[in-house]
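Open the model in your viewer and keep the selection panel at hand. The stops below go from one selection to the next.

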Amino acid sequence: MHGMMEILGWETCRQHRWLVNHIESNDDNTFADPSVFAGEELERHLREHPYEQYIWGVFSAFAPDAEIDLSILPDAESPDFWQPNAQPQHPQALFEIVCWDSTCTLFIGLPDKLAQRVVAAFPNAACRIKQ
């Protein structure tokens with residue numbers, strides 16, 4: 001996730017509040033599940049653990065002042081990801097970054113400016129464009 005935030009821009013991390021859940025990683029230092037972070041807190045964690053690999057997990061981005069409803073927790077294994085026009089699972093989320101079984105990273109609802117950064121970094125990646 002450290003690498004993904006470098007591509008999206010650390011300012012993107014800092015500009016949002018984050019719900020992180022359904023986490024499985026290769027590091028014992030992973031945070032509680034679920035966890036809510038201010039952008040600066042998540043940035044600090046990711047920078048302190050740059051090689052931590054998330055096997056499963058959902059990183060949901062919210063407005064910085066959002067009061068996040070924790071009764072709704074996104075699922076990293078949602079079948080809705082593979083439907084046309086997939087949307088963030090949490091109704092308050094602006095976008096979601098999903099670590100999917102160590103095989104791919106899904107960007108759901110990513111703003112165009114950020115999507116362009118991902119495509120530029122990974123020109124051979126498969127993209128599902130909004131229909």
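Helices and strands are here DSSP runs, numbered from the N terminus, with at least four residues for a helix and at least two for a strand. On that numbering, serine 78 falls in the loop between β3 and β4. The model is predicted.

**Stop 1: the loop between β3 and β4**

Select serine 78 first. Is serine 78 buried or exposed? Its relative accessible area is 5%, and under 20% counts as buried, so serine 78 is buried. Now show aspartate 80: its backbone nitrogen is 3.1 Å from a polar atom of the serine 78 side chain.

In the loop between β3 and β4, select isoleucine 68 as well. Isoleucine 68 has a relative accessible area of 14% and is buried. Leaving out residues up to four places away in sequence, isoleucine 68 touches Arg17, Trp18, Leu19, Val36, Phe62, His90 and Gln92. For one of these contacts, histidine 90, a C-alpha to C-alpha distance can be drawn: isoleucine 68 and histidine 90 are 9.2 Å apart in space and 22 residues apart in sequence.

**Stop 2: strand β3 and its partners**

Select residues 54–62, which make up β3. Of the 9 residues in β3, 8 are buried. β3 pairs with β1 in the antiparallel sense over 7 bridges; to find the register, look for valine 20, which stands opposite phenylalanine 59 in β3. β3 and β4 also run antiparallel, joined by 5 bridges. Here serine 60 stands opposite glutamate 96 in β4.

**Stop 3: aromatic rings**

How many aromatic pairs does a search of the whole structure find? The search finds 4. Begin with tryptophan 18 and phenylalanine 95: their ring centres are 5.8 Å apart and their planes meet at 80°, so this pair is edge-to-face. Tryptophan 18 belongs to β1 (residues 17–25) and phenylalanine 95 to β4 (residues 95–100), so that the pair links parts of the chain 77 residues apart. Tryptophan 18 and phenylalanine 95 are both buried.

Next take tyrosine 54 and phenylalanine 59. With ring centres 5.3 Å apart and planes at 75°, these two are also edge-to-face, since planes over 60 degrees apart count as such. Tyrosine 54 is buried, at a relative accessible area of 7%, and phenylalanine 59 is buried at 0%.

Then display Trp56, Trp82 and Trp100, which form one aromatic cluster. Finally, select arginine 47 together with tryptophan 10: arginine 47 lies over the face of the tryptophan 10 ring, 4.1 Å from the ring centre.

**Stop 4: the nonpolar cores**

In soluble globular proteins, nonpolar side chains tend to be buried together. The largest nonpolar core in this model has 22 residues. To locate this core, select the residues with the most contacts inside it: Met1, Met5, Trp18, Leu42, Tyr54, Phe59 and Ile97. At least two core residues come from each of α1 (2–8), α2 (10–14), β1, α3 (39–48), β3, β4 and α4 (112–121).

Centre the view on tyrosine 54. What does tyrosine 54 touch, not counting residues up to four places away in sequence? Its contacts are Met1, Ile23, Glu24, Ser25, Phe31, His45, Leu46, Phe59 and Cys99.

For the last selection, go to the second core, which is separate and has 7 residues. Ala76, Phe81, Leu106 and Ile108 are among them.

Definitions and conventions: Residues numbered from 1 in each chain as written. Predicted model: local features only at pLDDT ≥ 70, side-chain atom pairs only at ≥ 80, totals over all residues. Heavy atoms only, no water. Phe/Tyr/Trp six-rings, centres within 6.5 Å; stacked < 30°, edge-to-face > 60°. Buried < 20%, exposed > 50% of the residue type's maximum accessible area, 1.4 Å probe, protein only. Lys NZ or Arg CZ within 6 Å of the ring centre and 35° of its normal. Core = buried A, V, L, I, M, F, W, Y, C linked by side-chain atoms within 4.5 Å. Contact = heavy atoms within 4.5 Å. Polar contact = N/O pair within 3.5 Å; in protein donor to acceptor, adjacent residues only side chain to side chain. Pairing = 2+ DSSP bridges.
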